[in-house]
Amino acid sequence: MKKITLALCMAGLLSANQFAFAEDAKPADAAPAADPAIYSIGGFDLTGHVDVGYTKLSGSGKFDGGITNDRVFDFERNKLKLHAIDLQFTKTPDAGFGGVIDATLGKDADIIGAYGLIVDDKVGTAQGKRNADLTQAYLHYGAAPLTIIAGKFVTLAGAEYIKSPLNTNYSRSILFGYAIPFTHTGLRATYKVSDEFSVVGGINQGWDQFKDSNSDKTIELQAAYAPSKTVALAATVYAGKENLGIYGGVTPEKGTRNLLDLLGTFNLNDQTTLILNFDYGTQDGIPVLGKATWQGLAGYLNYTISDQWKVSFRAEQFDDKDGARTGFAQKWKEATLTGIYLPTKNWELRGELRKDSSDKDVFVDSNGAALKSNQNSFGIEALYKF
């Protein structure tokens, strides 16, 4: 009963991210343009990408009970789909006002949608699939070394991003989907103390919320240190009271949720980069259980063979000790190998093999009946960047 109760309480949370760091170690989720400022409208540069992918899963893409997907964006077991058409208008001067408008169109939009944008507040259920999301929309004020943004923006936590071109694998990590938030709405200030050190502080509505589901706020803090071109480190903290069901109507209970995210990038040589990401989270106020914890560690080894060929290997483990994030008290591991081909500056093609395993029989098989402790997958992805 415990795993079922927690799955229902946290279901809303689960449907509600590199080779180098930017100033704040988790840059605005902007896809790299093939050519800088190909389009400019009123001082705002337009960039974006188109992301199409195919996934073949050995399982159904669901955990036992069919409530929670066992993958983030590529959870449909045998389907070619348009993940995203991304359009982003950006003007972020070092001195003066600007802003960012970032829209995501496609299947991924339904996964990253924030509470208050895609939810019927009266019944606390999704309003169907819209295939569109205003992923970021914020005002920017630059007064170097200080930068302030206000509005909706991506999280500081994690090693991966909502935008596919910023990642090195096709599928997203377990930590990206189950350990951290996607977006926040609020106020964020970044101060660059020196070329090597910067700090970030902010206050927002909470995890993946455009409209706050309660009257309490969440704080965010980050310290980023890059002493050389070969090492970059960041520590990020989120703390604030959250409803157990992010849709408000799912459950009235709320409690303090804390997250510690540690990220390190190490350029071992001109061709090889190692990335390590650790997350530790807690949630208070869960009925019967009281407090739940989760933690995970992910490692990435990225190797550049040539200007056109790259390879990326990712391995991670996630301990959902109390079942608060996946609905099952389990230790979940995965390993992913991705080959990357860039035929032109605009195009990127990826092929991927992945294996997931758990210490419990939680993966529903392809027939939707039997349960297994593992799942294999093959994926291909085509990206067009502009």
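In this predicted model, Lys 81 lies over the face of Phe 75, at a distance of 4.5 Å from the ring centre. A second arrangement of this kind involves Arg 257, whose charged end sits over the ring of Trp 207, 4.8 Å from the centre of that ring. The protein that holds these residues contains 3 helices and 22 strands, and of its 386 residues 49% count as buried. About 15800 Å² of the protein is exposed, and carbon and sulfur atoms supply 62% of this area.

Aromatic rings also meet one another, and the count comes to 12 aromatic pairs. One of these is formed by Phe 73 and Phe 176, which are arranged edge-to-face, with 6.1 Å from centre to centre and 65 degrees between the planes. Because Phe 73 lies in the loop between strand 3 and strand 4 (78-91), while Phe 176 belongs to helix 3 (residues 174-178), the pair ties together parts that are 103 residues apart in sequence. Both Phe 73 and Phe 176 are buried. In addition, one aromatic cluster is formed by Phe 63, Tyr 178, Phe 328, Trp 332 and Phe 363.

Two members of this cluster, Phe 63 and Phe 363, are also bridge partners, with Phe 363 located in strand 20. Strand 3 and strand 20 (residues 363-365) run antiparallel and are joined by 2 bridges. They belong to an open sheet of 3 strands, in which the order is 3-20-21 and the pairing is antiparallel. At the edges of this sheet are strand 3 (59-63) and strand 21 (371-372), each of which pairs on one side only.

A further set of pairings is centred on strand 8. Strand 5 (residues 95-105) is joined to strand 8 by 11 bridges, and the two run antiparallel; within this pairing, Leu 105 stands opposite Ala 132 of strand 8. Strand 8 is also joined to strand 9, again in an antiparallel manner, by 7 bridges, and here Leu 139 stands opposite Ala 150 of strand 9. Strand 8 and strand 9 form a hairpin, with 2 residues between them. Pro 145 is found in this connection, the loop between strand 8 (132-143) and strand 9 (146-154), and the peptide bond that joins Ala 144 to Pro 145 is cis, with omega at about 15 degrees.

Backbone angles single out two further loop residues. Asp 208, which lies in the loop between strand 11 (197-204) and strand 12 (218-228), has a phi near 55 degrees, a positive value in a residue other than glycine. Val 288, in the loop between strand 15 and strand 16 (290-304), likewise has a positive phi, near 70 degrees, and is also a residue other than glycine. Their surroundings can be described by accessibility: Asp 208 is buried, with a relative accessible area of 3%, whereas Val 288 is exposed, with a relative accessible area of 91%.

Strand 15 (residues 272-286) includes Thr 282. Because buried means under 20% relative accessible area, Thr 282, at 7% relative accessibility, counts as buried. When neighbours within four places in sequence are left aside, Thr 282 is in contact with Thr 256, Arg 257, Asn 258, Lys 291, Ala 292, Thr 293 and Trp 294. Among these contacts is Arg 257, the residue whose charged end sits over the ring of Trp 207.

Conventions
Residues are numbered from 1 along each chain as its sequence is written. This is a predicted model: local features need pLDDT of at least 70, side-chain atom pairs count only at pLDDT 80 or more; totals for chains, interfaces and linings use all residues. Side-chain values use heavy atoms; hydrogens and water are left out. Helices (H or I, at least four residues) and strands (E, at least two) are DSSP runs, numbered from the N terminus. Buried means under 20% relative accessible area, exposed over 50%, partly exposed in between (1.4 Å probe, protein chains only). Contact means heavy atoms within 4.5 Å. Two strands pair if DSSP finds at least two bridges between them. Accessible areas come from the Shrake-Rupley method with a 1.4 Å probe; for residues, only the protein chains shown count as cover. Rings of Phe, Tyr and Trp (its six-membered ring) pair if their centres lie within 6.5 Å; planes under 30 degrees apart count as stacked, over 60 as edge-to-face and the rest as tilted. A charge sits over a ring if NZ of Lys or CZ of Arg is within 6 Å of the ring centre and within 35 degrees of the ring normal.
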